[in-house]
Structure formats: structure tokens, C-alpha cells
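Hi everyone, thanks for making time this morning. I'd like to walk you through one structure, so please have a look at it while I talk.

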Amino acid sequence: MFGKIVTFFEQVKQEMGKVVWPTKRETVSSAIMIVVFSVLSAIFFFLVDRFFMWVMSFVFNF
């Protein structure tokens, strides 16, 4: 049982050595893209929501 645990962690260490970590520049640019996309998505859904609110108020108040 103990041997399997040791083998597991040895394999984890080997696999972690194969990981290619992003550079600081790549990480920052990805984070900026995520923030920009999130803001644009929020604006889009806000406008769509306002449009449907306007349509519903027009339909039910008519």
C-alpha cells in the first residue's frame, strides 16, 4: 500500500516536470483579455435585457 502511494507521488513529480508554464507576459495578456471579454459580455447582456424590458413594457402596456 505504501509503495503505491510513493509511486503515485513519483509519477506526479515526473508529470509536473513536463508542464510548460506560461510566462508572466502571457498570463497578464490572458487576464486582460478575460476582463475585457467579461465587461463586453456584461454590456451586451445588459443591452439585451433592456431591449426585452422595453418590448415587454410596450406589449403589456398597449
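Let's start at Trp54, which counts as exposed, because its relative accessibility is 54%. Please keep in mind as we go that this is a predicted model. Trp54 has a ring partner in Phe58: the ring centres are 6.1 Å apart and the planes make an angle of 20 degrees, so this pair is stacked. The cut-off that matters here is that planes under 30 degrees apart count as stacked. Both residues sit in helix 2, four residues apart, which is about one turn of that helix. And is Phe58 buried or exposed? Phe58 is exposed, with a relative accessibility of 52%.

Now look the other way along the helix, to Phe51. Phe51 and Trp54 are three residues apart in helix 2, which covers residues 24-61, so about one helical turn separates them. Phe51 has a relative accessibility of 46%, so we call it partly exposed.

How many aromatic pairs does the structure hold in total? There are five. One of them is Phe51 with Trp54, where the ring centres are 6.2 Å apart and the planes are at 35 degrees, so that pair is tilted. Ring pairs join Phe51, Phe52, Trp54 and Phe58 into a cluster.

We haven't talked about Phe52 yet. Phe52 is also found in helix 2, and its relative accessible area of 48% makes it partly exposed. To get a feeling for distance along the chain, take Phe52 and Ser41: they are eleven residues apart in sequence, and 16 Å lies between their C-alpha atoms.

Let's move on to another part of the surface. Which residues make up the nonpolar patch? The members are Val28, Ile32, Val35, Val36, Val39, Leu40, Ile43, Phe46 and Leu47, and the patch has an area of about 810 Å². Leu40 is a good one to click on: this residue lies in helix 2, and it counts as exposed because its relative accessibility is 53%.

Helix 2 has a polar contact to show you as well. Glu26 belongs to this helix, and its side chain reaches the backbone nitrogen of Thr23 at a distance of 2.9 Å. Glu26 itself is partly exposed, with 43% relative accessible area.

Over to helix 1 now, for the charged side chains. How many salt bridges does the structure hold? Just one. The side chains of Glu15 and Lys18 form it, with 3.2 Å from N to O. These two residues are three apart in helix 1, which spans residues 2-18, so they too are separated by about one helical turn. Glu15 is partly exposed at 46% relative accessible area, while Lys18 is exposed at 59%.

Let me finish by zooming out to the whole chain. It has two helices and zero strands. What radius of gyration does the chain have, and what would a compact globule of 62 residues have? The chain has 25 Å, whereas a compact globule of that length would be near 11 Å. Along the principal axes, the C-alpha atoms fill a box of roughly 75 × 35 × 10 Å.

The surface numbers come next. Of the 62 residues in the chain, 2% are buried. The chain exposes about 6300 Å², and 76% of that area comes from carbon and sulfur atoms.

So, a quick recap for your own tour of the model. In helix 2, you can find Trp54 and Phe58, four residues apart, and the ring cluster that links them with Phe51 and Phe52. Then visit the nonpolar patch, including Val28 and Leu47. Last of all, look for the salt bridge between Glu15 and Lys18. Thanks for listening, and I'm happy to go back to any of these spots with you.

Terms used
Residues numbered from 1 in each chain as written. Predicted model: local features only at pLDDT ≥ 70, side-chain atom pairs only at ≥ 80, totals over all residues. Heavy atoms only, no water. Phe/Tyr/Trp six-rings, centres within 6.5 Å; stacked < 30°, edge-to-face > 60°. Buried < 20%, exposed > 50% of the residue type's maximum accessible area, 1.4 Å probe, protein only. Patch = residues over 30% accessible without salt bridge, like charges linked within 9 Å, V, L, I, M, F, W, Y side chains within 5 Å. Areas by Shrake-Rupley, 256 points an atom, 1.4 Å probe, with all protein chains shown as cover. Salt bridge = Lys/Arg side-chain N within 4 Å of Asp/Glu carboxyl O. Rg over C-alpha atoms; globule rule 2.2 N^0.38 Å. Polar contact = N/O pair within 3.5 Å; in protein donor to acceptor, adjacent residues only side chain to side chain.
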